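Trainee: May we go through this structure together, one feature at a time?

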Amino acid sequence: MTDRILIIDFGSQFTQLIARRVRESGVYSEIHPFNKITKQNIIDYNPKGIILSGGPASVTESDTPRIPREIFDMGLPILGICYGQQTMVDQLGGTVKSSKEREFGRSILNVTADCNLFKGIWTVGNEKQVWMSHGDRVEALPDGFKIVGTSENAPYAAIANDDKNFYAVQFHPEVIHTPDGSTLLKNFTHMIAGCGGNWTMAAFKEQEIAKVRAQVNDGRVLCGLSGGVDSSVVAVLLHEAIGKQLTCVFVDTGMMRLNEAKEVVSLFRDHYNIQLIHHDASDLFLDKLAGITDPETKRKIIGATFIDIFEEEATKIGGADFLAQGTLYPDVIESISFHGGPSVTIKSHHNVGGLPDRMNMKLVEPLRELFKDEVRRLGKELGLPKAFVGRHPFPGPGLAIRLPGDVTPTKVKILQLADAIYLDEIHKAGLYDEIWQAFAILLPVQTVGVMGDARTYDFVCALRAVTSTDGMTADYYHFNMEFLGRVTNRIINEVQGINRVVYDITSKPPGTIEWE
């Protein structure tokens, strides 16, 4: 069985980065909310070690997040990070207090003693850059612990109990601003917890195929195929697992990228010989969205309409037992606030949250624990064409959420053309694979312009391009001005209805990648 690390989440914005760093070292990890953790959960999950995440709460206050005290007696190695350090210290009998001397951002850690967490990386006397984000700090240690690192405002910045394999740090090793952070985490997972680092995408593929076969048995599966990388990988994986028990339904919402519907149908019918139903629901979706401007309402309408169509198609083929979706880990994380915990819902995803009770189908979501770049690796493992696997992410709701305000057929057509020009220029410049995601947005704003000595009053088009690893954080792509000028000229000259183009230079956070 593949070695596992359990990450207990206390609501940190960086928890996903912990999972990524652990997986990058070849160890499978999952994030579970603190308030769902019991001793039996851990026994069932069977991890080799546990990592306690950071979080926004203060252990000095009442009713703040904790894990059952008995977990510290299970004999498992535990690493506490930031809030994770503080709750470990507090629950084991140490002292944590609020401090006026806070640390946010880069800091210098002084290594004061050896421990297994630092072995082969840091030695006594080293001064190392780390990244801090805390107000509270440890003031007294539980029995058996020693100080192994200090910073200017954190006298217990790193502590260790080598006998019990308990370690805790006030800084965040998971962020890139702690340069040795990934190596420290690998020391914990490989040397201290004894993980073999044998989790590969080939192993995941075989594991998921076996899980799908066990879940589905001889049932029939309907797969919602959007044409994006996620659902395409799901479709090919399921086809390999269950063959003719799978029927894919490609719903054309009328809000796809230009010519995308034809490309998707051709790929799956001609190249993979997968049973595919092409359901053109363009008019239905556009009618339901008419006059709707709230982005959350748009997403919910689109999600409900997808379900209605899947239900209709399931009836036509004589019934289906399962509905397969390309739900990813970031979708789940962004959509579901841990009940009673500190995390908040950022936005709902149309494919997260289960199915209506009236549907007699169960969900199959083989990618639910993967990040986007891991899905691409799985797609390559399954033999999907490189050009298809490397496509930029495209949201399930389609262009509806790239049209702030009301959605109309005319606006969709304008946006499709502008988006196609933008992507065409990115391809011509050889930049497509450098960029995580690039797309155009048609704003609900009209401005005055002059074209051919005549006054125009047309829409504003915003361009967005970001670099990212997993979609959880992102930075805008630094195009040169010549490129942006060339794209702008083409869009304004070739797309009737746009007379102004702007470029979005917002990172994530504080913004999201999509506008809605």
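Trainee: In the hairpin of β15 and β16, which residue takes a positive phi near 60°?
Mentor: This is a predicted model, in which local features need pLDDT of at least 70, side-chain atom pairs count only at pLDDT 80 or more, and totals for chains, interfaces and linings use all residues. Residues are numbered from 1 along each chain as its sequence is written, and side-chain values use heavy atoms, with hydrogens and water left out. The hairpin has 2 residues between its strands, and strands are DSSP runs of E, at least two residues long, as helices are runs of H or I of at least four, numbered from the N terminus. The residue with the positive phi near 60° is G452.

Trainee: How many bridges join β15 to β16?
Mentor: Two strands pair if DSSP finds at least two bridges between them. Strand β15 (residues 437–451) and strand β16 (residues 454–467) run antiparallel, and A440 has L463 as its bridge partner in β16. The number of bridges is 12.

Trainee: In what order do the strands of the open sheet of 5 strands stand?
Mentor: The pairing in this sheet is parallel; for instance, β10 (residues 221–225) and β11 (residues 246–252) are joined by 5 bridges, with L225 facing its partner F250 in β11. β12 (276–280) and β14 (362–364) each have a single partner strand, so one side of each is left without a neighbour in the sheet. The order is β12-β11-β10-β13-β14.

Trainee: At about what angle to β14 does helix α5 run?
Mentor: Axes are lines fitted to C-alpha atoms, for helices over the stretch in contact, and angles run from 0 to 180 degrees between N-to-C directions. Helix α5 (residues 201–216) lies across β10, β13 (322–324) and β14. Its angle to β14 is about 165°.

Trainee: At roughly what angle do the axes of α13 and α14 cross?
Mentor: Helix α13 (residues 409–428) and helix α14 (residues 481–494) have axes that come within 10 Å. Contact, meaning heavy atoms within 4.5 Å, involves residues including A418 and Y422 of α13 and F483 and R490 of α14. The crossing angle is roughly 145°.

Trainee: Which helix gives the most to the largest nonpolar core?
Mentor: A nonpolar core is a set of buried Ala, Val, Leu, Ile, Met, Phe, Trp, Tyr and Cys residues joined through side-chain atoms within 4.5 Å. Of the 68 residues in the largest core, I8, I50, L52, L238 and F268 touch the most other members. The helix that gives the most, with 9 residues, is α6 (residues 229–242).

Trainee: Is Q85 buried or exposed?
Mentor: Buried means under 20% relative accessible area, exposed over 50%, and partly exposed in between, with a 1.4 Å probe and protein chains only. Q85 lies in helix α3 (residues 83–91) and touches residues including V138, Y156 and Q170. Because its relative accessibility is 0%, Q85 counts as buried.

Trainee: How many disulfides does a search of the whole structure find?
Mentor: A disulfide is taken here as a pair of cysteine sulfur atoms within 2.5 Å. For C82, the nearest cysteine sulfur, that of C115, is 18 Å away. For C223, the nearest cysteine sulfur, that of C248, is 4.3 Å away. The number of disulfides found is 0.

Note on methods: Lists of a residue's contacts leave out its neighbours within four places in sequence.
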